[in-house]
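Please open the model in your viewer and keep the sequence panel beside it. The stops below are meant to be followed in order, with a selection to make at each one.

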Amino acid sequence: MAVDQLTRTFQALADPTRRAILGRLAEGEATVNELAEPFPISAQAVSKHLKVLEVAGLITRGRTAQLRPSRLQAAPLKDAVDWLETYRRFWEGSFDRLEERLGATEQEAGRG
C-alpha cells in the first residue's frame, strides 16, 4: 500500500525529538552536531531522526565542505495545517453551539 505525503508528515511529527529538531530548524539551518546538543542522544541517533524527516520531505540536507547542514521544508507542514483546518472549524462550530446552549440555559434559569 502506498503511503501518501500527509501520512509521512504525521508519522515524522509523531516523535517529540523530531518535532524539537523541526523547531530548531525553523530558526535556521544546522548541522547534526548542532542539532544533537540539547538532546541526551548521540549524533548518530539524531542522524536517524533527520533521515525520517528527510524521507517525509520536511527537511533537506545540503553539503558545505564536510558539513551537511539541514534546512526546514515547510510545504508538507502547510498541507498538514490545511488538513487540520477542517477540524478546527468543526470544533469552533461545536463550541459556538455549546455557548448558545449555555446562554439559553442561563436565561431560562434567570426567569425561573
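Throughout this tour, a residue is called buried when its relative accessible area is under 20%, exposed when that value is over 50%, and partly exposed in between, as computed with a 1.4 Å probe on protein chains only. Helices (H or I, at least four residues) and strands (E, at least two) are DSSP runs numbered from the N terminus. This is a predicted model, in which local features need pLDDT of at least 70 and side-chain atom pairs count only at pLDDT 80 or more, while totals for chains, interfaces and linings use all residues. Residues are numbered from 1 along each chain as its sequence is written, and side-chain values use heavy atoms, with hydrogens and water left out.

**The whole chain**

Begin with the full protein chain in cartoon view, where five helices and two strands can be picked out, arranged along the sequence in the pattern α-α-α-α-β-β-α. The radius of gyration, taken over C-alpha atoms, is 21 Å, well over the 13 Å that the globule rule (2.2 Å times the number of residues to the power 0.38) gives for 112 residues, so the chain is more spread out than a compact globule. Along the principal axes, the C-alpha atoms fill a box of roughly 75 × 35 × 25 Å. If you colour by burial, 27% of the 112 residues count as buried.

**Helix 1**

Next select Thr9, Ala12 and Leu13, which are the buried residues to look for in helix 1. They cover an arc of only 95 degrees around the axis (the arc being that of the directions from the helix axis to the C-beta atoms), which puts them on the same side of helix 1. The cover over these buried residues includes helix 2, helix 4 and helix 5 (75-111), where contact means heavy atoms within 4.5 Å.

**Helix 2**

Move on to helix 2 (residues 16-25) and show the side chains of Thr17, Arg18, Ile21, Leu22 and Leu25, which are buried. Viewed down the axis of helix 2, the buried residues fall within an arc of 140 degrees, so they line one face of the helix. Their packing partners are helix 1 (5-13), helix 3 (32-36), helix 4 (43-55), strand 1 (59-61) and strand 2 (70-72). At the N-terminal end of helix 2, select aspartate 15, which caps the helix with a side-chain oxygen 2.8 Å from the backbone nitrogen of threonine 17.

**Histidine 49 and threonine 31**

Which residues touch histidine 49, once its neighbours within four places in sequence are left aside? Histidine 49 is found in helix 4 and counts as buried at 14% relative accessibility; its contacts are Asp15, Thr17, Arg18, Ile21 and Ile41.

Threonine 31 can be selected next, in the loop between helix 2 and helix 3. This residue is also buried, with a relative accessible area of 14%, and, leaving aside neighbours within four places in sequence, threonine 31 is in contact with Leu67, Arg68 and Pro69.

**The nonpolar core**

Now display the largest nonpolar core, which has 16 residues; such a core is a set of buried Ala, Val, Leu, Ile, Met, Phe, Trp, Tyr and Cys residues joined through side-chain atoms within 4.5 Å. The residues with the most contacts inside it are Ile21, Leu35, Val46, Leu50, Leu53 and Leu58, and helix 1, helix 2, helix 3 and helix 4 each supply at least two residues of this core. Centre the view on leucine 58 and, not counting residues up to four places away in sequence, look for its contacts, among them Thr9, Ala12, Leu13, Leu22, Arg71, Leu72 and Leu77.

**Two distances to draw**

Finally, select lysine 51 in helix 4, which counts as partly exposed at 47% relative accessibility. A C-alpha to C-alpha line from lysine 51 to tyrosine 87 spans 30 Å, with their positions 36 residues apart in sequence. Arginine 89, in helix 5, is partly exposed at 48% relative accessibility, and it lies 27 Å from alanine 26, C-alpha to C-alpha, the two being 63 residues apart in sequence.

Terms used: Polar contact = N/O pair within 3.5 Å; in protein donor to acceptor, adjacent residues only side chain to side chain.
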